[in-house]
Amino acid sequence: MQFSIDSVAYQGPVTTTNGVATMTDAALGAIPITDTRELESPARRALRRLFQRKGAVAGLVVIATFIVLALFAPLIMPYDPIATSWTLVRKPPSALHWFGTDDLGRDIFGRVIYGARASLMAGAISVGIALGVGVPFGLLSGYRGGFIDALISRITDAMLACPFLILAIALAAFLGPSLGNAMIAIGITTTPIFVRLTRGQVMSVKVEDYVEAARAMGNPRWRIALFHILPNIMPALLVQATLSIAAAIIAEAALSFLGLGQQPPAPSWGSMLNAAQRFLTNAPWMALWPGLAIFLVVLSFNLVGDGLRDALDPRER
């Protein structure tokens with residue numbers, strides 16, 4: 001006997017009661033149960049995989065903590081981060097000043113919190129610049145090929161031949177010392193990484209069957225690139241962006257340390273380390289806290305990047 005349940009044809013043993021066909025328990029057990037994970041959207045599946053990785057979750061917690069502290073710093077800090085006091089010069093950590101004070105009597109805890117604004121903003125904006133410039137050029141290079149691909153690739157190779165930090169220092173020095181110019185310099189320096197990554201991903205994806213089908217249906221090139229290729233290379237770009245933010249934070253700290261980033265008296269982790277280098281013996285806490293902040297934030301972004309790489313891997317379950 002054959003009948004349909006939930007639009008699925010079933011053939012198997014049945015029993016009849018008063019002329020009504022019913023399935024036996026054995027027959028019910030033979031119906032396969034669909035795995036609920038197959039019904040998840042790609043975004044929900046990626047989030048589930050991400051939250052299963054303890055390192056990535058710990059990194060997200062640390063990053064979220066620094067973001068909240070930076071946003072609500074005026075409500076949290078009782079001290080002005082640029083206010084000096086000659087009676088509080090190089091005081092060790094205490095109940096009033098948790099992280100101690102610096103060589104000008106300024107509260108280090110407040111300067112670390114306010115310095116998070118400069119570092120996080122530099123990381124996000126510089127990587128945003130790199131994405132905004134690098135992804136379109138990478139799409140154009142990988143999809144069109146030919147002379148355009150050769151030209152963009154040679155310019156990218158020339159920029160990648162220069163060490164990342166050296167090129168950032170040169171550009172920041174050329175543009176002038178300020179946080180805005182430092183972000184532009186870091187963004188330009190990071191752009192070749194995204195050009196090369198996007199080009200490689202596009203060349204891998206553009207030969208897939210669904211791209212060939214879209215081309216056969218008469219879709220224009222720009223539509224294929226934006227609506228068929230770009231969404232499928234976003235996972236790799238997202239992972240690289242997360243890792244690049246960590247590198248950009250280190251670069252901003254280095255530029256500020258050299259006097260090419262955030263300008264005093266505005267707080268920055270790099271400039272705080274520059275001021276602390278003269279007092280490593282007498283006041284080691286001046287270097288400890290900004291250095292620890294850089295370490296924690298950079299490590300957290302790297303952990304999140306590694307977690308995203310695993311969570312967005314289609315081979316993972």
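**Notes on helix α10, helix α2 and an aromatic cluster**

1. Leaving aside the neighbours within four places in sequence, Ser 256 is in contact with Gly 261, Gln 262, Ser 268, Gly 270 and Ser 271. The model is a predicted one, and in it Ser 256 belongs to helix α10, which spans residues 221–257. Ser 256 counts as buried because its relative accessibility is 2%, against a cut-off of under 20%. With Gln 262 there is also a polar approach, since a polar atom of the Ser 256 side chain lies 3.3 Å from the backbone nitrogen of Gln 262.

2. Helix α10 itself deserves a careful look, for although it has 37 residues, its end C-alpha atoms are only 46 Å apart, short of the 54 Å that a straight helix would reach at 1.5 Å a residue. A kink of about 50° is found in α10 at Leu 230, shortly before the proline Pro 231. After α10 comes Gly 259, which has a positive phi, near 85°.

3. Helix α2 (residues 42–51) has a buried side and an exposed one. Its buried residues include Ala 46, Arg 49 and Leu 50, and these lie on the same side of α2 because they cover an arc of only 100° around the axis. An α-helix has 3.6 residues a turn, so residues three or four places apart point the same way. On the other side of α2, Arg 44 and Phe 51 are exposed, whereas the buried residues pack against α3 (54–71) and α12 (285–311).

4. Among the aromatic pairs, which number 5, that of Trp 98 and Phe 109 is tilted, because the ring centres are 5.4 Å apart and the planes stand at 45°. Trp 98 lies in the loop between α4 (73–76) and α5 (108–144) and Phe 109 in helix α5, so the pair ties together parts that are 11 residues apart in sequence. Trp 98 is exposed, with a relative accessible area of 57%, whereas Phe 109 is buried, at 15%.

5. The rings of Phe 99 and Trp 289 form a stacked pair, because their centres are 4.0 Å apart and their planes are at 5°. Phe 99 is in the loop between α4 and α5 and Trp 289 in helix α12, so this pair ties together parts that are 190 residues apart in sequence. Phe 99 is buried, with a relative accessible area of 17%, while Trp 289, at 22% relative accessibility, counts as partly exposed. Ring pairs link Trp 98, Phe 99, Phe 109 and Trp 289 into a cluster.

Conventions
Residues numbered from 1 in each chain as written. Predicted model: local features only at pLDDT ≥ 70, side-chain atom pairs only at ≥ 80, totals over all residues. Heavy atoms only, no water. Helix = DSSP H or I, 4+ residues; strand = E, 2+ residues; numbered from the N terminus. Buried < 20%, exposed > 50% of the residue type's maximum accessible area, 1.4 Å probe, protein only. Polar contact = N/O pair within 3.5 Å; in protein donor to acceptor, adjacent residues only side chain to side chain. Contact = heavy atoms within 4.5 Å. Arc of directions from axis to C-beta. Expected span 1.5 Å × (residues − 1). Bend = angle between axes of the 7 residues up to and from the residue. Phe/Tyr/Trp six-rings, centres within 6.5 Å; stacked < 30°, edge-to-face > 60°.
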